[in-house]
Amino acid sequence: MAFEYAPAPESRSVVDIRPEYGLFIDGAFVAAVDGEPMKTVDPASEEVLAEVAQAGPADVDKAVAAARRAYEKVWGRMPGAERAKYLFRIARIVQERARELAVLESIDNGKPIRESRDVDIPLVAAHFFYYAGWADKLAYAGFGTTPLGVAAQVIPWNFPLLMLAWKIAPALAAGNTVVLKPAETTPLTALVFAEICQQADLPPGVVNIVTGAGDTGRTLVEHAGVDKVAFTGSTEVGRQIARSVAGTSKRVTLELGGKAANIVFDDAALDQAVEGIVNGIFFNQGHVCCAGSRLLVQESVADEVLDRLKRRMATLRVGDPLDKNTDVGAINSAEQLARIRTLAGIGEEEGAERWSAPCVLPERGFWFAPTIFTGVTQAHRIAREEIFGPVLSVLTFRTPAEAIEKANNTPYGLSAGIWTEKGSRILWAAERLRAGVVWANTFNKFDPTSPFGGFKESGYGREGGRQGLEAYLAG
Amino acid sequence: METHEAERLAAELAGSPEALRTFLSGLPGVDQVGAEQRAATLATRSIKTTAKQWALDLAVRMVDLTTLEGADTPGKVRALCAKAMRPDPADPGCPPVAAVCVYPTLVPTAVAQLRGSGVHVASVATAFPSGQAPLAVKLDDVRAAVAAGADEVDMVIDRGAFLAGRYEEVFRQIVAVKEACGDAHLKVILETGELVTYDNVRRASWLAMLAGGDFIKTSTGKVAPAATLPVTLVMLEAVRDFRDRTGRQVGVKPAGGIRTAKDAIRYLVLINETVGEDWLDPRWFRFGASSLLNDLLMQRAKMATGRYAGPDYFTLD
């Protein structure tokens, strides 16, 4: 007899979404000088959640000026041990408000509450704790102790608060002040983070949050008053940013797209490899820049792996992001859903075989069933372009050398996975894979102590770990 | 037709220790970190309201209500049997448990009490819990239990032989015990706490299934760690793969250390999302437990009344 799980929704009552939000500049919420507000929606229901201000050039000026004042008068000259106190305080408040932040993240982004509760928010707190520890030990990190000044930071919608933490924690620890622009579709947790800064008595101007769309981001990174640009997002926008800062004294770090290979050798622990494949591509609906979106499986076990993978995918629970038993939530926006559909359509046209997990998708909201394509070759667009959705391209290989060749044959190089029970093969493969992160017998594992970043078109610079401080220190 | 394949495979491997070793070593490995992470993720499933009611009743029906103490008496076993048939005297809707599990000397008492009730009588045998006795003694132990009326036998494997790599010896012993069981169902206790690695658990599971075990069981309850979620996950994957390969379905019984309804529901989730509903049945999944039943009853009563009753409202075993 079937075991039907009753709905187990996490309560929304812990969040208090205001009807409208201003910009967070110089320690206070202020209205935008000009520009129409934008709406942020719940991707699981298409309901409008709030109106959020769009920062124009005058607002960005104000924010950068506030950050400059705070840098020169307070933060840049504050002893590291004192800065650490604020960062520790922020980390603790994030933990205290973890449930609220997790629920809000799931509402605004569409990701399952299990992930926002167990992955995103704990990692946010961990990043602040970790970099708080570095603030008074910069002399031992090896990158000097002089901050850069004002950092302009633009982050994506896939891990809204976590990407904020990756950007803000090391910047503040090193003595910089920041102006951060959250993604257009997911501004709400960044705005609650602004409240947390107030709650932590962070000096005004150290953190400024300017909401808006692409224009706001462009204005911010092109602003003459910023010393440093940090961006996470698409390779296309990353290129524009690289062009716009060329010839200026601004320092840049870019964390861009990926098309990671997840390589399964025939001697892998198959059941766990299947879990790793699922986690690699269906975690966060595949909205992960380091997602294992290309499965390279050794031909001798390909059929068995695919059988097991399909059986496992049939158990994925797709639906209400706030249900504690949901594995795969909503696609973040109509625009992203359209892109996934287009690329999946191209996959079929190009002759790859499509298989989607049998699941009933809700009528309202943006949804895409977990999908795999078999019979994919290196020449297919779905094997080359980043889909940024729950779509896996399956390729096969016969020899280890062929696996490495195919894995590296991409313009990207953010991450890779190796599945084998043989330790020597892990080391052999890791040495040859041109990717910033290589996971062995696991995937999508993150830790503040571990640096993260790309090769080739996946960007440059590292975030996380001791290495992550380099991006925010002048030497 | 279906069991033919299991028999064919067993016959092919039984003749040669090398073939059996090669086969068991050729099973895909188990990655410890990955298996434990999967089990931990499934343990976060939130089972509420109607799903919880359903799961609690199913869990009660899967309990092998167990007493395996040197101090066991016929009186205690009679009380246990009464409880097995009507776990909650205040609620006639409460289903009976699957079986009562006792030492061989107490089987006649249990048989007399449970006759006609549908509750099975399980007996541990084969020099339980250590298994450290000559094969002839173990087989006599089994025959005595079956002759006394046990319709389920819980045997222990020879862990010493298994860990020494003498797989064929273990195989032959299980075959012999199975034969001594006659019509009684054979549960093979792997004592996973002594096998230590998940690779060993998977190999021992296959060995027991190939040798004809009807159930594979984690533990005697006398060795720590006893049943855990990841060990049970590995065993469930083994019975699933064995059925895919041979067509024969084998049951799974975690035993030892499962004390709360919450734990039991986690196991049901594990079944549901690993092997599916075919195993969500007392014929194919059992809990070897004693104190678990009272917590299940307490939670059932809470679901029905909205209030928790104190432990004095449920009988001690």
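Here are three short exercises, with solutions, on a predicted model with chains A and B.

**Exercise 1. Placing B:Arg202**

Work out whether B:Arg202 is buried or exposed, and which residues it contacts beyond its neighbours within four places in sequence.

*Solution.*
- Start with the backbone: B:Arg202 sits in helix H11 of chain B, which covers residues 198–210.
- Next, check accessibility. B:Arg202 has 3% relative accessibility, so it goes down as buried, the cut-off being under 20%.
- Now list the contacts, skipping neighbours within four places in sequence. In chain B, B:Arg202 touches B:Leu27, B:Pro28, B:Gly29, B:Val30, B:Val234 and B:Glu237.
- Finally, look across to chain A, where A:Asp271 is in contact with B:Arg202. A:Asp271 also has a salt bridge with B:Arg240, side chain to side chain, at 2.8 Å from N to O.

**Exercise 2. Sizing up the A–B interface**

Describe the contact between chain A and chain B: how many residues does each chain bring, and which element of chain A gives the largest share of its side?

*Solution.*
- Count residues: chain A brings 27 and chain B brings 30.
- Get the area: about 2,500 Å² is buried between the two chains, with carbon and sulfur atoms giving 46% of that.
- Tally the polar side of things. There are six salt bridges between chain A and chain B, and 14 residue pairs are in polar contact, both residues being at pLDDT 80 or more.
- Then go to the elements of chain A. Helices H4 (113–134), H9 (270–282) and H10 (299–313) are the ones giving two or more residues to the side that touches chain B. H9(A) has the largest share, with four residues.
- Sort that side of chain A by class: 14 charged, nine nonpolar and four polar residues.

**Exercise 3. Two domains in chain A**

Where do the domains of chain A lie, and which three residues supply 21% of the area that domain 1 buries against domain 2?

*Solution.*
- Set the bounds: domain 1 takes in 12–256 + 455–472, while domain 2 runs over 261–440.
- Find the spacing: the domain centres, taken over C-alpha atoms, are 30 Å apart.
- Count the contact: 31 residues come from domain 1 of chain A and 33 from domain 2 of chain A.
- Add the area: these domains bury about 2,800 Å² between them, 56% of it on carbon and sulfur atoms. A:Trp157, A:Phe455 and A:Lys456 supply 21% of what domain 1 buries against domain 2, more than any other three residues.
- Finish with polar links: the interface of the two domains has one salt bridge and 18 residue pairs in polar contact, both at pLDDT 80 or more. On the domain 1 side, H3 (98–109) and H4 of chain A each supply at least two residues.

Methods
Residues numbered from 1 in each chain as written. Chains lettered and ligands numbered in written order. Predicted model: local features only at pLDDT ≥ 70, side-chain atom pairs only at ≥ 80, totals over all residues. Heavy atoms only, no water. Buried < 20%, exposed > 50% of the residue type's maximum accessible area, 1.4 Å probe, protein only. Contact = heavy atoms within 4.5 Å. Buried area = accessible area lost by both parts, 1.4 Å probe. Salt bridge = Lys/Arg side-chain N within 4 Å of Asp/Glu carboxyl O. Polar contact = N/O pair within 3.5 Å; in protein donor to acceptor, adjacent residues only side chain to side chain. Nonpolar A, V, L, I, M, F, W, Y, C, P; charged D, E, K, R; others polar. Domains from an automatic or database assignment.
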